[in-house]
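Here are two exercises on chain-to-chain interfaces, each with a worked solution. Have a go at each task before you read on.

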Amino acid sequence: MHLQRLKEELERDIARIAEFKPVVHHITNYVAMNDSANITIAIGASPIMSFAHGEIDELVSIASSLLINIGTLDEYIIQAVMLAVKSAKSKGVPVLLDPVGSGATKLRTSTALSVAEEGVDVIKGNQGEILSLLRKEGVVRGVDSKVTAEAADVKEVARKFGLVVVATGKEDLISDGRSVYVMRNGTEMLGRITASGCMLGSVIASFMAVQKDFLLASLEGLACYNVAGELAAEKSSGTASFRSNLIDEISKITAEKVIERLNLERVV
Amino acid sequence: MHLQRLKEELERDIARIAEFKPVVHHITNYVAMNDSANITIAIGASPIMSFAHGEIDELVSIASSLLINIGTLDEYIIQAVMLAVKSAKSKGVPVLLDPVGSGATKLRTSTALSVAEEGVDVIKGNQGEILSLLRKEGVVRGVDSKVTAEAADVKEVARKFGLVVVATGKEDLISDGRSVYVMRNGTEMLGRITASGCMLGSVIASFMAVQKDFLLASLEGLACYNVAGELAAEKSSGTASFRSNLIDEISKITAEKVIERLNLERVV
Amino acid sequence: MHLQRLKEELERDIARIAEFKPVVHHITNYVAMNDSANITIAIGASPIMSFAHGEIDELVSIASSLLINIGTLDEYIIQAVMLAVKSAKSKGVPVLLDPVGSGATKLRTSTALSVAEEGVDVIKGNQGEILSLLRKEGVVRGVDSKVTAEAADVKEVARKFGLVVVATGKEDLISDGRSVYVMRNGTEMLGRITASGCMLGSVIASFMAVQKDFLLASLEGLACYNVAGELAAEKSSGTASFRSNLIDEISKITAEKVIERLNLERVV
């Protein structure tokens, strides 16, 4: 993807989000809810958070994309997740899965696999979580990843489930099962706040609401998030001010700022 | 209401909250809990958040007001809401209802109506949510409102349920079923953070804990919140710093600051 | 404890947390989850938040300490708490209990006592909550404390349950059942944000993950938190910026900063 094309698409998609304020329905974890809602509004979209079984179908109907994040689960939420994904598939609403902690516990791995097999459009996780979906040696420690994935693994996950994979790490890998991109942006500060990956999911899901090329939507969301992180880190005096600055920067992001710093390479 | 009287009442009620630190019991949504707790403390009151059936009655007993917010529901929470409202009515504890998303789903509309009919003292919502309680054409999109209400509608809701209505929008409408006020304060930044309406509910409920004229309490809370928003917007570099500045400004609010900027008009 | 020894231990333990990034498993309340996760990362540890029954045992297995906070309860969470504590005891994982609101409702008091009797290593609460565990006149108002405890009471609780007690208040009391320390640090701003006590629990639990002398771990965590609070208060323009600055300061805390301000006295 040429940077010039990416810049034009990004300009257009940021503007579309601002214009249509698409509803992004979230079933996400309790820790991230507030941050994810705030960053979704910051990028210009309109978040809903609900797992009440009795209203999922109605809410998915008015949503332009659905985000599933398995960071905190119980039986009720797992049922809500499956209801929401089925509803989204039947309505053609794009779905992003964030398999938080997949590989760390059987419950999370099996829930992530069930959702992935139901048919989602993008999976975004750290590299350990992504590898766990291959049932390879993905050693997830808690909900953080020690593992680094190879381009071939990420491509394999994308191919296995027939979707786009965003595997975050020191370098981020993005694949649609054919090509693989490496993005070398962001800041280590993103690892020093909670819900960092969850907020990235919200930003990508916001782009999926207006951009049906999900590889492009994923690159757009990831690029905005990483560059906002870089800009935020430069003015932060600790981890909490970084969190606040990150959301501030997302609320002011432009295609120009992003492309100026973007380090994206196609490796496969 | 003359501004001079409002100023004196507000001065007294801010001081009363600071002196008595009234307990405001919240049954609210997961997204807003932290923000609502923080803004309740910032205005000087003492928040409790709990929906455990086994302790609701005890907690309502020590509360000076009760806030019900239906932003995230499940069966357990709906039962908790009904238990809490019945308990509050039997004890004379004033109740504020925030019917988040009423009109967007059947579950929310019917829950909001059930609570309203149980007998609450103030309903605060955006104008679409308020209209949905008339079962009119309130078209709520997600949990945000596209609809603008007329003074007559707001008065009708207040009259129908026999309570005070605060209907937020570009201009805020407040009615006790007889008179209707318009407040032209606040900032568009309040629409760019999550839990903005929820935090307003917490501030009004804090005033209801010390001021039994609920029209006055509603005007006081809304005026403080809007003016704090204006002050915060002037010093914010994005949406997250606005959220932080908003709570900071509430923690330093005075009747003088509020009245200096207040634009309040009685229209009915 | 001589300040020189405390300084050396603290230097070592801050470095150990940074090196090992120990997993601190939290079962905590919805209000505090995000703040507790952020402050745990800020001090250098790795938080997990989950109460899903089906994964508690696996998560406790990879945890270096367990924090139980009863700030928001329901039947499912109470069961999760008991499962987690039993699992931790059987695996030798140290446990901190934060008995939020114990004394305010029967449910909280009985839950706190059940957990304490199961065998935990540190109990941290405000002085009213701590007194409630003696079934004395601990008058807890809401989840804040009006009561001040005496050194003898705190020692009695420590002795009764055979653990370390941290009883926060205007002056903080710490006892292992033999000695009692008073710490005169912190700032009244810590009482003006929500989840303040909960975050302190997370910081102490982070030290418990690397320091098996739990009296020392408690003093270390409390000292870091109080001094970070003092540093934060000096640069804050309201309660929300204080919250942000507090976490920032924890992310930059050093033994030197702490010892320079520490006011610790052994009174028994």
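Contact here means heavy atoms within 4.5 Å. Keep in mind that this is a predicted model.

**Exercise 1.** Work out how many residues chain A and chain C each bring to their contact, and which elements of chain A give two or more residues to it.

*Solution.*
1. Start with the head count: chain A puts in 27 residues and chain C puts in 29.
2. Next comes the area, with about 2,300 Å² buried between chain A and chain C, 50% of it from carbon and sulfur atoms.
3. Now look for charge pairs: the rule gives two salt bridges across this interface. C:Glu58 pairs with A:Lys106 in a salt bridge, with 4.0 Å between the closest N and O atoms.
4. Add the polar contacts, and you get 14 residue pairs, both at pLDDT 80 or more.
5. On the chain A side, α5 (106–119) and α10 (239–250) are the elements giving two or more residues. α10(A) gives the most, with four residues.
6. Sort that side by type: eight nonpolar, ten polar and nine charged.

**Exercise 2.** Turn to chain B and chain A, and find which element of chain B gives the most residues to the side that touches chain A.

*Solution.*
1. Chain B supplies 27 residues to the contact and chain A supplies 29.
2. Two salt bridges turn up across this interface. B:Arg108 and A:Glu55 make a salt bridge through their side chains, at 2.8 Å from N to O.
3. In chain B, α5 (106–119) and α10 (239–250) each supply at least two residues of the side touching chain A.
4. α10(B) gives the most, with four residues.

Technical notes: Residues are numbered from 1 along each chain as its sequence is written. Chains are lettered from A and ligands numbered from 1 in the order in which they are written. This is a predicted model: local features need pLDDT of at least 70, side-chain atom pairs count only at pLDDT 80 or more; totals for chains, interfaces and linings use all residues. Side-chain values use heavy atoms; hydrogens and water are left out. Buried area is the accessible area (1.4 Å probe) that two parts lose on being put together, summed over both. A polar contact is a pair of N or O atoms within 3.5 Å; within protein, one must be able to donate a hydrogen and the other to accept it, and residues adjacent in sequence count only if both atoms are side-chain atoms. Ala, Val, Leu, Ile, Met, Phe, Trp, Tyr, Cys and Pro count as nonpolar, Asp, Glu, Lys and Arg as charged, and the others, Gly among them, as polar.
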